[in-house]
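Please work through the exercises below with the sequence and the model open side by side. Each task is followed by a solution that goes step by step.

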Amino acid sequence: MVPAPHRHAARRDTRPVRLALVAFGVTLTASPTTANAGTPTHPVVRQEVSAARQAAAATGLDDPAKKEIAMQLISSAENSSLNWKAQYTYIEDVGDGCGYTAGIIGFCSGTGDMLDLVELYTQRKPGNVLAKYLPALREVNGTDSHDGLDPNFAEDWATAASDPAFKQAQNDERDRVYFNPAVGRGKADGIGTLGQFAYYDAIVMHGDGDDSTSFGSIRKRALARAKPPSQGGNEVTYLNAFLDARVWAMRQQEAHSDTSRVDTAQRVFLRKGNLNLDPPLDWKVYGDNYHIG
């Protein structure tokens, strides 16, 4: 796998139940002792109910099918592949000043999110193969140093990535730090699935810090030029302003100077009026063609 030439150089420290279950192919049979008990108490049933409720509430990028598209779009830019699930094992130092970059969303040893991830994994599974690196990850946070990590960290990361618990931890940290904030902010601004993805892609690359190229600053720059739908503005006009601001932010850093993930991907969908990110989707990143049917 040949990664994209730039990853997260600017990212900052990130510290109706039955009907829904039927739609998911889950059937519940009430026993005499639970028929009138309200919310089911069995752990597996509770998880199914929770997942079904979340899916029923999903109206944008958090719809499972749209989220899958989002992950493929991100992976095309981050890993030159649509196979995002193959990236749990990914790890290397790409020379962007963030130390090691790894996993499905590019957790970095120098930006804090990798530390948060390994801490979560260790809380859930003490004594895992990465737990011994926690002191080193705390020391190198904010730097590009490998002190205390080499020579075996990359190999141990790949070992951990075969553990379903570590994969789930990656999923959960992706959602907590990047996906959920982007979707939540997008919905609050009244933008649809494509706009929520534009927010997600921006927060993945730039983080949500307080510097001039962070996601928050990009959004403020866009708001200075156009109103979002939540304020009575036109969605297409606002998204064009946001993408303009995003391109400006990318061009402030050499590692992000190739803006094709906006110019020949998100702009393409916007020009076609595909605000819902409905397939088929055709786009280019770094000159490579991609398709989702």
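The exercises that follow treat the core, several helices, the cysteines and some unusual backbone geometry.

The model is predicted, so local features need pLDDT of at least 70 and side-chain atom pairs count only at pLDDT 80 or more, while totals for chains, interfaces and linings use all residues. Residues are numbered from 1 along each chain as its sequence is written, and side-chain values use heavy atoms, with hydrogens and water left out.

**Exercise 1. The nonpolar core**

Task: Find the residues with the most contacts inside the largest nonpolar core, and describe the surroundings of M114 and W157.

Solution. Begin with the term: a nonpolar core is a set of buried Ala, Val, Leu, Ile, Met, Phe, Trp, Tyr and Cys residues joined through side-chain atoms within 4.5 Å, where buried means under 20% relative accessible area, exposed over 50%, and partly exposed in between, with a 1.4 Å probe and protein chains only. The largest such core has 74 residues, and those with the most contacts inside it are M114, L130, F153, W157, Y200, F242 and W283. As a general background, nonpolar side chains tend to be buried together in soluble globular proteins.

Next, list the contacts (heavy atoms within 4.5 Å). Leaving out residues up to four places away in sequence, M114 touches Y100, A102, F107, C108, S109, L137, F153 and W157. With neighbours within four places again set aside, the contacts of W157 include Y88, T89, Y90, I91, M114 and L130.

Finally, place W157 in the fold: this residue belongs to helix α6, residues 153-160, where helices (H or I, at least four residues) and strands (E, at least two) are DSSP runs numbered from the N terminus. W157 counts as buried because its relative accessible area is 0%. Its C-alpha atom is separated by 7.5 Å from that of I91, although the two residues are 66 apart along the chain.

**Exercise 2. Three helices**

Task: Compare the end-to-end spans of α4, α7 and α10 with the expected spans, and describe the ends and the packing of these helices.

Solution. The expected span is 1.5 Å times one less than the number of residues in the helix. For α7 (residues 164-188), with 25 residues, the first and last C-alpha atoms are 33 Å apart, close to the expected 36 Å. A bend of about 50 degrees occurs in α7 at D175, the bend being the angle between axes fitted to the seven residues ending there and the seven starting there. At the N-terminal end of α7, D163 acts as a cap, with a side-chain oxygen 3.0 Å from the backbone nitrogen of A165, and the helix is followed by G190, whose phi is positive, near 80 degrees.

For α10 (residues 235-250), the 16 residues should span 22 Å, and the value agrees because the end C-alpha atoms are 22 Å apart. At its start, a side-chain oxygen of N234 comes within 3.0 Å of the backbone nitrogen of V236. The buried residues of α10, among them Y238, L239 and F242, pack against α8 (193-206), α9 (215-223) and α11 (260-271).

For α4 (residues 113-124), 12 residues should span 16 Å, and the end C-alpha atoms lie 17 Å apart, which agrees. This helix is mostly covered, with 10 of its 12 residues buried. Those buried residues pack against β2 (101-102), β3 (107-108), α5 (134-140), α6 and α7.

**Exercise 3. The cysteines**

Task: Explain why C98 and C108 are not bonded to each other.

Solution. A disulfide is a pair of cysteine sulfur atoms within 2.5 Å. The sulfur of C98 has its closest cysteine sulfur in C108, and because these are 4.7 Å apart, they are too far for a bond. The structure holds zero disulfides. Both partners are nevertheless covered, since C98 is buried at 2% relative accessibility and C108 is buried at 0%.

**Exercise 4. Backbone geometry in the loops**

Task: Locate the cis peptide bonds at P151 and P280, and then the positive phi values at S80 and L277.

Solution. The bond joining D150 and P151 is cis, with omega about 10 degrees, and P151 lies in the loop between α5 and α6. From P279 to P280 the peptide bond is also cis, with omega near 0 degrees.

The loop between α11 and β4 (281-285) holds P280 and also L277. L277 is not a glycine, yet its phi is positive, about 50 degrees, and this residue is buried at 0% relative accessible area. S80, likewise not a glycine, has phi near 55 degrees and is partly exposed at 29%.

Note on methods:
Polar contact = N/O pair within 3.5 Å; in protein donor to acceptor, adjacent residues only side chain to side chain.
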